[in-house]
Amino acid sequence: MNKVLLNIFSRWTRFLWIPLVVMMHTPLCHAQEVRLEAEISSTKITLDGSLQLTLTVYNHKNAEPIVLPAIEGFDANYRGQSSRVSIVNGQYSNSVSFTYVLYPQKTGQFTIPAIVTEIEGQKYSTQSISVEVIDGSAGSSNNLQSSAATTLKDQIFLVIDPAREQLYINQGIPVKLLFYVTGLEVRDIQYPAIEAIGFSMDDYSEPKQYQKVINGRRFDIIEFETVLYPTRIGEVKLGPATLDCNIVVRGNRGNAGGFSGLFNDDFFESFFDRYEKRPIKVKSNEVTLMVKDLPKEGQPSGFSGAVGEYTFNMTVSPTKVKVGDPITVRMTVEGKGNLKAVNFPKIPNQDDFKLYDPIIKEEENKKILEQVIIPKTDQVKEVGRIEFSFFHDKLEQYRSIAQGPFSIEVEAVKGGDSFNGGALANTNIDKQKSQEDFGEDIVFIKRDLGEFKHKGRRNYNSWLFYVMIIVSLGGWTAAYIYYQKTHKMETDVRYARQMLAPKKAKKGLAEAQKSLQAGRQEDFYNSLFKTLQQYLSHKLHIPVGAVTYETVIKKEKVKGLDVTLQAELKTALEECDMIRYASISVDASGMKQSYDRVEKLIDHFERTLK
């Protein structure tokens, strides 16, 4: 009877998985946008050579081979297709590539036209690609001609790409330096050095790396980005930039240790190939930028040259002081722009204060000034109004932000003390006595002798002292063990899962026991199966969904399991699945037998699986 039910259940689940798999993969296939790209092996070939054209359809696995249009100057031959599937960071993507070989029929400059195909009623097109065919000597191999046709400058180069070509003096301009590589293995890439006379420059941000097809060729691109600020007016040249790196090239083979006759074979020639690094300095283009002066119209009187988008804040504290007490003035300029060129406004009514040199520091997108001022008289009532002005480069307007005035209360010093040169000088103190009473000029360290103790008495002679040491050591040991355990639980996933397995299994069995007592068959077998499945998942460190009899029995820890227990495990897993999905009625004694079986298995695994 059990065998018949198992056969029915296995056939039923076989058909169940088909729609589930289709449902799981269908949204993934269409999660990415469908696109079509074309790339070629070389943009310059000889008449007796050939080139490879690859058309790739992304994110549509059922694409059909694409029929090429007539291409002037070439004959085409279809070579086949290949597919690729990848899942990166949970994003599913696939591609189908169709390969064609193009044979040139005459020399000249030709264009592979844009290739259009229709996928599910939507048309997709590639970019056109220019190809040059030159005359070549007969008998030369295609590889030799292809490598000769492409120079090193076509395979590796550096480009300066400023965000714009016209800007104001001291206005920030984002500049990208794009490092292109194709068909080469490049190592030890350094940050580019750019010739920027007449500019100040921020540090490079974290480089970005990606690929892009340009005129039919796929390039690896590393993007370096920085911000430059022009410091002079007129035409200012930017660049060239240089970048140092190493390219990996094949070195001389030699004769494989002198046995040229013995090793004169293609296999040994390939085996003894040597690759070495060749240093190379890549140089970029030069860019000319037009730098304009800031407009005079509407320029505030206190403007000091700040260009960008800023906020300005100022605080004064404390506001209640005595004559001669310090007050801290704090100014903060925050925003986008060249903070190195930002100058803070001066404090007004400076004659009322003694000013100390300010401390200026820069943080990310922020510049802070802190300055100590000291009021000279009690007649000072405020720190005057301060205005910070800047030129908003996007709006092309001057903006001013005012702070203050800040009211302060200055109290005169009692006894007629006055402020004199930054220090308080007491003018009403009598002349110091020429003679003093004995002892008045001495400051005693200790005036009270304190409690007396018997000679020879020490704390370490007391039994309580040693009890406290033992308790302290015990406390430190317990705290260290607790820390090690909690730290391992947080950092070692496998250990944490194994430690939590019995606790979760006990909780799951308790839920199953409740369902058993209430006679809820479906809830009982769901809880029982879930408990056993999660317990084995935690103990054996495998995904919950992958817990089956076959996967569990293959684990190294379970290989020595007794044959009887193997049968019990198989029965427990299959019985739970069968009863849950096949709507089979089981009496209370059968449910109790299933519960005892799972409890016995968990108890055995808990004692044996460490």
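Let me begin with a single pairing, in which Leu167 has Val291 as its bridge partner in strand S21. The model we are looking at is a predicted one, and I will use this pair as the way into one of its sheets.

Leu167 faces its partner across the pairing of S11 with strand S21, residues 287–292, and these two strands run in the parallel sense over 3 bridges. Together with S18 they make up an open sheet of 3 strands, ordered S11-S21-S18, in which the pairing is mixed. Strand S11, which covers 166–168, and strand S18, which covers 234–238, stand at the edges with a single partner strand each, so one side of each has no neighbour in the sheet. On average, and with direction ignored, neighbouring strands of this sheet are turned by 35° against each other.

From the sheet I would like to move to the packing. The largest nonpolar core has 35 residues, and those that touch the most other members are Ile156, Ile160, Leu177, Phe179, Leu238, Cys245 and Leu294. Several strands each supply at least two residues of this core, including S11, S18 and S21 from the sheet just described, as well as strand S10 (156–162) and strand S19 (241–250). The most is given by S12, with 5 residues.

Cys245 deserves a closer look, and if we set aside residues up to four places away in sequence, its contacts include Ile156 and Phe179, the run of Val186, Arg187, Asp188 and Ile189, and also Arg278, Pro279, Ile280 and Val282. Apart from this core lies another, of 33 residues, with Ala501, Phe529, Tyr549 and Leu609 among them.

Next comes helix H7, residues 521–540, whose 20 residues reach 28 Å from the first C-alpha to the last, close to the 28 Å expected at 1.5 Å a residue. The helix is mostly covered, in that 15 of the 20 residues of H7 are buried. Just after H7, His541 takes a positive phi of about 60°.

I will finish with Asn338, which is placed in the loop between strand S24 (327–337) and strand S25 (353–355). Is this loop residue, Asn338, buried or exposed? Asn338 is buried, because its relative accessible area is 7%, and the cut-off for that term is under 20%. Its side chain is joined to that of Asn170 by a polar contact of 3.1 Å. Leaving aside neighbours within four places in sequence, Asn338 is in contact with Asn170, Ser200, Tyr229, Val307 and Tyr310.

How values were computed:
Residues are numbered from 1 along each chain as its sequence is written. This is a predicted model: local features need pLDDT of at least 70, side-chain atom pairs count only at pLDDT 80 or more; totals for chains, interfaces and linings use all residues. Side-chain values use heavy atoms; hydrogens and water are left out. Helices (H or I, at least four residues) and strands (E, at least two) are DSSP runs, numbered from the N terminus. Buried means under 20% relative accessible area, exposed over 50%, partly exposed in between (1.4 Å probe, protein chains only). A polar contact is a pair of N or O atoms within 3.5 Å; within protein, one must be able to donate a hydrogen and the other to accept it, and residues adjacent in sequence count only if both atoms are side-chain atoms. Contact means heavy atoms within 4.5 Å. Two strands pair if DSSP finds at least two bridges between them. Axes are lines fitted to C-alpha atoms, for helices over the stretch in contact, and angles run from 0 to 180 degrees between N-to-C directions. A nonpolar core is a set of buried Ala, Val, Leu, Ile, Met, Phe, Trp, Tyr and Cys residues joined through side-chain atoms within 4.5 Å. The expected span of a helix is 1.5 Å times one less than its number of residues.
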